[in-house]
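Visitor: I should like to take a close look at one part of this molecule. Could you guide me through a single helix and its surroundings?

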Amino acid sequence: WNPDSIECLRKNLEANGVAERCEVRQGDNREVAPRGVADRVLLGLIPTSEMCWATGVRALKATGGWMHIHENCQEGEEAGMGRRICDALLETATELGHGWEASVEHVEKVKPYSPRVNHLVFDVLLRPKQRPE
């Protein structure tokens with residue numbers, strides 16, 4: 001939506017030597033995001049990216065992948081937020097017919113957002129359910 005952000009994105013893709021491997025789709029990602037193509041999805045909206053979680057799940061390949069979800073979270077509520085994220089992602093995955101499991105593999109504190117609220121990144125792995133041996 002922001003032409004300045006798109007220009008910076010294109011410059012960064014060039015500077016990092018990956019521009020030829022990337023397709024920039026400008027607009028609301030809920031409308032322009034491709035489906036079934038991604039190994040990783042980054043959702044960097046704060047204070048919450050929740051409105052795009054389903055879009056992110058739809059963008060992942062049928063084999064699953066990583067979602068890096070930025071959220072603001074009250075101190076001490078990180079585990080609950082992680083469970084809520086996983087539950088929501090799995091609900092969408094199930095609707096799409098994926099027999100996946102989800103796990104928060106890492107939580108990174110980016111910075112304080114306000115008193116007792118932190119900007120965090122939840123690294124969530126979605127993959128087909130492991131069959132018991």
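Guide: Let us take helix 4, residues 78–95, which lies across strand 2 (65–74), strand 3 and strand 4. Its direction is at about 40 degrees to that of strand 4. Please bear in mind that the model is predicted.

We may begin with the sheet on which this helix rests its contacts. The sheet is open and has four strands in the order 1-2-4-3, with mixed pairing. Strand 1 (40–43) and strand 3 (100–114) are at the edges; each has a single partner strand, so one side of each is left without a neighbour in the sheet. From one strand to the next, the twist averages 20 degrees. As a general point, strands of a sheet pair through backbone hydrogen bonds, either parallel or antiparallel.

Strand 3 and strand 4 (residues 117–128) are an antiparallel pair, joined by 12 bridges. Within this pair, H106 stands opposite D123 in strand 4, and K111 has H119 in strand 4 as its bridge partner. The two strands form a hairpin with two residues between them. In the turn, R116 has a positive phi of about 65 degrees.

We now turn to the nonpolar residues. In soluble globular proteins, nonpolar side chains tend to be buried together. Here the largest nonpolar core has 21 residues, and those with the most contacts inside it are M67, I69, I85, L89 and V124. Strand 1, helix 3 (53–59), strand 2, helix 4 and strand 4 each give two or more residues to this core. Helix 4 gives the most, with five residues.

L89 deserves a closer look. Leaving aside its neighbours within four places in sequence, L89 is in contact with W53, V57, M67, I69, V124 and L126. Two of these partners, M67 and I69, are also among the residues with the most contacts inside the core, as is V124.

Charged side chains offer a final view, away from the core. The count of salt bridges comes to six. One of them joins K61 and D39 at 3.1 Å, N to O. K61 lies in the loop between helix 3 and strand 2, and D39 in the loop between helix 2 (29–32) and strand 1, so the pair ties together parts that are 22 residues apart in sequence. K61 is partly exposed, with a relative accessible area of 30%, and D39 is partly exposed as well, at 44%.

Note on methods: Residues numbered from 1 in each chain as written. Predicted model: local features only at pLDDT ≥ 70, side-chain atom pairs only at ≥ 80, totals over all residues. Heavy atoms only, no water. Pairing = 2+ DSSP bridges. Axes fitted to C-alpha atoms, helices over the stretch in contact; angles between N-to-C directions. Contact = heavy atoms within 4.5 Å. Core = buried A, V, L, I, M, F, W, Y, C linked by side-chain atoms within 4.5 Å. Buried < 20%, exposed > 50% of the residue type's maximum accessible area, 1.4 Å probe, protein only. Salt bridge = Lys/Arg side-chain N within 4 Å of Asp/Glu carboxyl O.
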